[in-house]
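The following report describes a single protein chain, beginning with its overall make-up and moving on to selected local features. Please read it alongside the sequence and the coordinates.

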Amino acid sequence: MTTAAHLRPTVLTIEFGGGTAHLDLPQAHAALWERPTGSELRHEIWRQAVALAQHDALAAAIGSTDVTGWVEAVVWLALPRLRKVVRQASGRLRADRRDLESELMLAIVEQLAEISPDDPDVGGRLLLFAARRGWAFARGPADERPTEDVAAVADARGARTTDAVWELVITPPDGTDGLAAPVRFTSRSDLEAARLSELTEHLGLRDVVRRTLRPHRGARLGSLPLRPTEAVR
């Protein structure tokens, strides 16, 4: 970002405290995070940066080629706070760093469409929104757990990849017991045994799948249709 050729304008002209400052992007970054500066200067940096980014986003939305690079510049200016959230959330909640980083940057871009550059705390609100979004993403649903890439596991066990997309559908049984809703998985692997083994193990469905495949051992719990998605239903 410090050498982005398409960044326009390359210098922010900021009037504060009866004077004028001309800051390029690294200097603006330093004023926000590295050197103690007054709140008036920090506010003006964020105000101008957000206004330029909003103009840039609007130009991109209407298909204009006049893209100035300030959306990316605002994300770059926010990086010190975003890195802190990533470090803390991934360390405490074991969230995937890459997914968390993507969520934080997306939050900044989305909030640019909502926030006003004239907000008295435009920078603080922008960063706070991203931080809250990042922590919420890191916590995730209470019943959600990370699992292995099942397709990669199947391939590692000698599976052959084909163009057909296979689909696993687990239909819940009638009644209050069992699964609460249908579960659907898709994959391109030809070796279904490895895939089903990994899925059922990590999702806690091993007994359900085993008993469903062997209904003579007990009451039928549901169905497991396995078919290419392009097949007629």
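A residue is called buried when its relative accessible area is under 20%, exposed when that area is over 50%, and partly exposed in between, with a 1.4 Å probe and protein chains only as cover. The model is predicted, so that local features are reported only at pLDDT of at least 70 and side-chain atom pairs only at pLDDT 80 or more, whereas totals for chains, interfaces and linings use all residues. Residues are numbered from 1 along each chain as its sequence is written, and side-chain values use heavy atoms, with hydrogens and water left out.

**Overall make-up**

The chain contains eight helices and five strands, where helices (H or I, at least four residues) and strands (E, at least two) are DSSP runs numbered from the N terminus. Along the sequence these elements follow the order β-β-α-α-α-α-α-α-β-β-α-α-β. Of the 233 residues, 35% count as buried. With contact meaning heavy atoms within 4.5 Å, 60% of the contacts between residues at least 6 apart in sequence join residues at least 24 apart.

**Helix 4 and its surroundings**

Helix 4, which covers residues 97–112, has 16 residues and reaches 23 Å from its first C-alpha to its last, close to the 22 Å expected at 1.5 Å a residue; the expected span is 1.5 Å times one less than the number of residues. Its buried residues are Leu-100, Glu-103, Leu-104, Ala-107, Ile-108, Gln-111 and Leu-112, and they pack against helix 2 (39–61), helix 3 (70–93) and helix 5 (122–139). At the start of helix 4, a side-chain oxygen of Asp-96 comes to within 3.1 Å of the backbone nitrogen of Arg-98. In the loop between helix 3 and helix 4, Arg-94 has a positive phi of about 60° although it is not a glycine. Most residues other than glycine have a negative phi, and most peptide bonds are trans. Arg-94 is exposed, with a relative accessible area of 75%.

**Charged side chains**

The structure holds five salt bridges, each defined as a side-chain nitrogen of Lys or Arg within 4 Å of a carboxyl oxygen of Asp or Glu. Three of them are listed here.

| Positive partner | Negative partner | N to O distance |
|---|---|---|
| Arg-98 | Asp-96 | 4.0 Å |
| Arg-133 | Glu-103 | 2.7 Å |
| Arg-125 | Asp-119 | 2.8 Å |

In the pair of Arg-125 and Asp-119, Arg-125 is partly exposed at a relative accessible area of 47%, whereas Asp-119 is buried at 16%. Salt bridges that share partners join Glu-103, Glu-110 and Arg-133 into one network. In the pair of Arg-98 and Asp-96, Arg-98 is exposed at 63%, while Asp-96 counts as partly exposed at 36%.

Asp-56, which lies in helix 2, is buried yet has no salt bridge, the nearest side chain of opposite charge being that of Arg-8 at 6.8 Å; in this count Lys and Arg are positive and Asp and Glu negative, and His and the chain ends are left out. Leaving aside residues up to four places away in sequence, Asp-56 touches Asp-66, Val-67, Thr-68, Gly-69, Trp-70, Val-71 and Glu-72.

**A cis peptide bond**

The peptide bond from Arg-8 to Pro-9 is cis, with omega near -5°, and Pro-9 lies in the segment before strand 1 (11–16).

Definitions and conventions:
A polar contact is a pair of N or O atoms within 3.5 Å; within protein, one must be able to donate a hydrogen and the other to accept it, and residues adjacent in sequence count only if both atoms are side-chain atoms.
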